Amino acid sequence: ASKDNLLIETIKFLQDEYTANWQAMLKKAKPDTASQLQAMVTADLDRRICTQRKLAAWFALITEAKSRPAYHQLAWERDEKYRTTLASICREAKAEGGYAYDPQNTADAIYAMQEGLWLRMMLFGRGYRRETALAVILDTLRTIFPRHFTSDGTPSRVHAED
């Protein structure tokens, strides 16, 4: 009926698709913390979610959200579910690995990195590939969680005696 309604429905569709995707990947992952973390962060690069058109739509909607409360609320709801889950997994990793970081700050940094990778992919198109973004993610996970990931980025289980 209106441009605003069309945009709100677009946000809802993208939000629902995005949330269903990362939740499904999380559910399919092994139950250990490293595998759960890897599932969360690599879900953003899934080919169903990470397309040029969808990335452009997300960034356009995020830009509009600043001046439109209805868009802002919908965008925040999407972020909140994901960020809460990510922070929870970071808390588990901290407890298991004895890391000296704030779990919420770490989750926020990972989230910001992911948005930055999406922005690069949107701006550079085929010049910045999904595989490159995945390498960045795996290097980052290995750096932040060295007891949870092997040198090649494979999740490893942290044992109590480690």
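**Exercise 1. A helix and its span**

How many residues does helix α1 have, and how far does it reach from its first C-alpha to its last?

*Solution.* Keep in mind that this is a predicted model. Start with the count: α1 runs over residues 3-28 and has 26 residues. Next, look at the reach, which is 37 Å from the first C-alpha to the last. Finally, compare this with expectation: at 1.5 Å a residue one expects 38 Å, and the helix comes close to that.

Now find the buried residues of α1. They are Leu 7, Ile 8, Ile 11, Leu 14, Gln 15, Tyr 18, Thr 19, Asn 21, Trp 22 and Leu 26. To read such a list, remember that an α-helix has 3.6 residues a turn, so residues three or four places apart point the same way.

**Exercise 2. A helix inside the structure**

Work out why α2 is described as largely enclosed by the rest of the structure.

*Solution.* First, count: 9 of the 10 residues of α2 are buried, so the helix is largely enclosed. Then name them: Thr 33, Ala 34, Ser 35, Gln 36, Leu 37, Ala 39, Met 40, Val 41 and Thr 42.

Take Ala 39 as a close-up. Its relative accessibility is 7%; because buried means under 20%, Ala 39 counts as buried. Leaving out residues up to four places away in sequence, Ala 39 touches Met 25, Leu 26 and Ala 29. Of these, Leu 26 is also on the list of buried residues of α1.

**Exercise 3. A residue in a loop**

Where is Asp 46 found, and which residues does Asp 46 touch beyond four places in sequence?

*Solution.* Begin with the location: Asp 46 sits in the loop between α2 (33-42) and α3 (52-65). Next, check its exposure: Asp 46 counts as buried because its relative accessibility is 14%. Then list its contacts beyond four places in sequence, which are Asn 21, Met 25 and Arg 130. Lastly, look at its side chain, which makes a polar contact of 2.8 Å with the side chain of Arg 48.

**Exercise 4. Another loop, another partner**

Is Tyr 99 buried or exposed? Find its partners as well.

*Solution.* Tyr 99 lies in the loop between α4 and α5 (103-124). With 11% relative accessibility, Tyr 99 counts as buried. Beyond four places in sequence, Tyr 99 is in contact with Ala 93, Lys 94, Ile 144, Phe 145, Pro 146, Arg 147 and His 148. One of these, His 148, shares a side-chain polar contact of 2.8 Å with Tyr 99. Another, Ile 144, is 45 residues away in sequence, yet the C-alpha atoms of the pair are 8.5 Å apart in space.

**Exercise 5. Two cysteines**

How many disulfides does the structure hold?

*Solution.* Recall that a disulfide is a covalent bond between the sulfur atoms of two cysteines. The structure holds 0 disulfides. Now check two cysteines for exposure. Cys 50 counts as buried at 4% relative accessibility, and Cys 90 is buried with a relative accessible area of 0%.

**Exercise 6. The largest pocket**

Which helices each supply at least two residues of the lining of the largest pocket?

*Solution.* Start with the volume, about 280 Å³. Then look at the lining, which includes Cys 50, Gln 52, Leu 55, Met 121, Tyr 128, Arg 130 and Glu 131. The helices asked for are α3 and α6 (130-144). As a last link, Arg 130 from this lining is also a residue that Asp 46 touches.

Methods. Residues are numbered from 1 along each chain as its sequence is written. This is a predicted model: local features need pLDDT of at least 70, side-chain atom pairs count only at pLDDT 80 or more; totals for chains, interfaces and linings use all residues. Side-chain values use heavy atoms; hydrogens and water are left out. Buried means under 20% relative accessible area, exposed over 50%, partly exposed in between (1.4 Å probe, protein chains only). A polar contact is a pair of N or O atoms within 3.5 Å; within protein, one must be able to donate a hydrogen and the other to accept it, and residues adjacent in sequence count only if both atoms are side-chain atoms. Contact means heavy atoms within 4.5 Å. The expected span of a helix is 1.5 Å times one less than its number of residues. A disulfide is a pair of cysteine sulfur atoms within 2.5 Å. On a 1 Å grid over the protein atoms alone, a cavity is a set of points where a 1.4 Å probe fits but cannot get out, and a pocket is an open set with protein on both sides within 12 Å along at least five of seven lines; lining residues have an atom within 4 Å of a point. Grid points are joined across faces, edges and corners, and a volume is the space filled by probe spheres set on the points.
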